[in-house]
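Me: I would like a close look at one part of this model: the protein surface that faces the DNA. Please set it in the context of the fold.

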Amino acid sequence: MTDMTDPVTIPHPWNPTPAQARAWQTQLATRLRLQPLDPNWSTLAVADVSSDRGSPRLFATVLLLKRKSDGSFERLAEGYAEVRATFPYIAGLLSFREVPAILRAFDDLEARHGRSIRPDVILCDGQGLAHPRGLGLACHLGLWLDRPSVGVAKTRLVGQFEPVGPSPGDQSPLIHQGRPVGAVIRTRARAGPLFVSPGHLCDLDSATSLVWACCDGRRQPLPIRWAHEAVNRWRRAARINEPDASCPT
DNA sequence: GCGACAG
DNA sequence: ATCTTGTCGC
């Protein structure tokens, strides 16, 4: 009998063939734990990755934030990493391309912060459970780090849903293979809805309420916007100084 | 063969 | 993801 508490039962490579990657996803999905998130979560880590068209240079950023009692966020620390992509972008296999870069950004974050990071939840730009094999980027990262995680994507990958209402807060269940795997949420009037799904150590209700709690009238949750701004600011600076990338302050 | 297809 | 200016609308 294997130890059911291992984050990842068998370490796997990040540069497998597409067929091997799909097999790992099916295997890893069996390790997911769908459970309520601590409603009193306060520390949140948010990750984002960006790159120039056709360039194999991936820039990853992870921000560590603290949710204050008044609902605002405080920036505690940040980490950065530039990685050479070892896997192409293939719909359904995004985590094999971006997670390695995100893991290095986490390492940088810990190095700067001076101690191990144990965020109450990790917010990811991409799908969680709403995936062909139930293992979107949020699930994969959460499993690897053994931390609760939530996925929020701008467009659909899988699943069917009824039209979402026009008002902020309106939502519609995302159904895949007869199972509710996520929620389509209107976060801003006249803007496209977001696709939220749980990652690891989290359930659908927890995922949707957390994302909604991170929204402030804009289409994207504030943490996602901050991470996106941070990683793009760094990438643009690195593009000017060409070769090496000097991390932000 | 055709359509779909996170970032 | 990124390439890109202006433009329409609240």
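Reply: Here is the fold, followed by the two DNA strands in turn.

This is a predicted model. Start with the frame that carries the DNA surface. Chain A has five helices and eight strands. Along the sequence they follow the pattern α-β-β-β-α-β-α-β-β-β-β-α-α. The radius of gyration is 17 Å, and the globule rule gives 18 Å for 249 residues, so chain A is as compact as a globular protein of that length. Its C-alpha atoms fill a box of roughly 50 × 45 × 35 Å along the principal axes.

The eight strands make one open sheet, with mixed pairing. The order across it is β3-β2-β1-β4-β5-β8-β7-β6. Strands β3 (73–84) and β6 (171–176) are the edges, and each of them pairs on one side only. On average, neighbouring strands are turned by 25° against each other, direction ignored.

Two pairings show the mix. β1 (residues 43–50) runs parallel to β4 (residues 121–125), and four bridges link them. Within that pair, Leu44 sits opposite Val121. β6 and β7 (residues 179–185) instead run antiparallel, joined by six bridges. His176 and Arg179 are bridge partners there. These two strands form a hairpin with two residues between them. One turn residue, Gln177, has a positive phi of about 55°. Helix α2 (residues 94–113) lies across β1, β2 (57–67), β3 and β4. Its angle to β3 is about 125°.

Now DNA strand B. Sixteen residues surround it, and those that come nearest are Tyr89, Gly92, Gln127, Lys154 and Arg156. By class, this surface divides into seven nonpolar, six polar and three charged residues. On the DNA side, sugar or phosphate supplies 51% of the strand B atoms within 4 Å of the protein, and bases supply the rest.

Individual polar contacts reach both base and backbone of strand B. A backbone N or O atom of Leu94 is 3.1 Å from a base nitrogen. Leu94 is also a residue of helix α2, whose range is 94–113. Lys154 uses a polar backbone atom, placed 2.7 Å from a phosphate oxygen of strand B. Thr155 uses its side chain: a polar atom there lies 3.1 Å from a phosphate oxygen of that DNA strand.

DNA strand C is next. Around it are Ser50, Ser51, Arg53, Lys154, His228, Asn232, Arg235 and Arg239. Lys154 therefore appears in both lists, since a residue is near a strand if one of its heavy atoms lies within 4 Å of it. Of the strand C atoms within 4 Å of the protein, 87% belong to sugar and phosphate. The surface near strand C has no nonpolar residues, four polar and four charged.

Helix α5 (residues 222–240) gives the largest share of that surface, four residues. Two residues in that range make polar contacts with strand C. A side-chain N or O atom of Asn232 is 2.8 Å from a phosphate oxygen. For Arg235, a polar side-chain atom is 3.1 Å from a phosphate oxygen of strand C. Arg53 adds another contact: an N or O atom of its side chain is 3.4 Å from a sugar or linking oxygen.

To sum up the DNA side, sugar or phosphate makes up 51% of the nearby strand B atoms. For strand C, the share of sugar and phosphate is 87%.

How values were computed:
Residues are numbered from 1 along each chain as its sequence is written. Chains are lettered from A and ligands numbered from 1 in the order in which they are written. This is a predicted model: local features need pLDDT of at least 70, side-chain atom pairs count only at pLDDT 80 or more; totals for chains, interfaces and linings use all residues. Side-chain values use heavy atoms; hydrogens and water are left out. Two strands pair if DSSP finds at least two bridges between them. Axes are lines fitted to C-alpha atoms, for helices over the stretch in contact, and angles run from 0 to 180 degrees between N-to-C directions. Contact means heavy atoms within 4.5 Å. A polar contact is a pair of N or O atoms within 3.5 Å; within protein, one must be able to donate a hydrogen and the other to accept it, and residues adjacent in sequence count only if both atoms are side-chain atoms. Ala, Val, Leu, Ile, Met, Phe, Trp, Tyr, Cys and Pro count as nonpolar, Asp, Glu, Lys and Arg as charged, and the others, Gly among them, as polar. The radius of gyration is taken over C-alpha atoms; the globule rule is 2.2 Å times the number of residues to the power 0.38.
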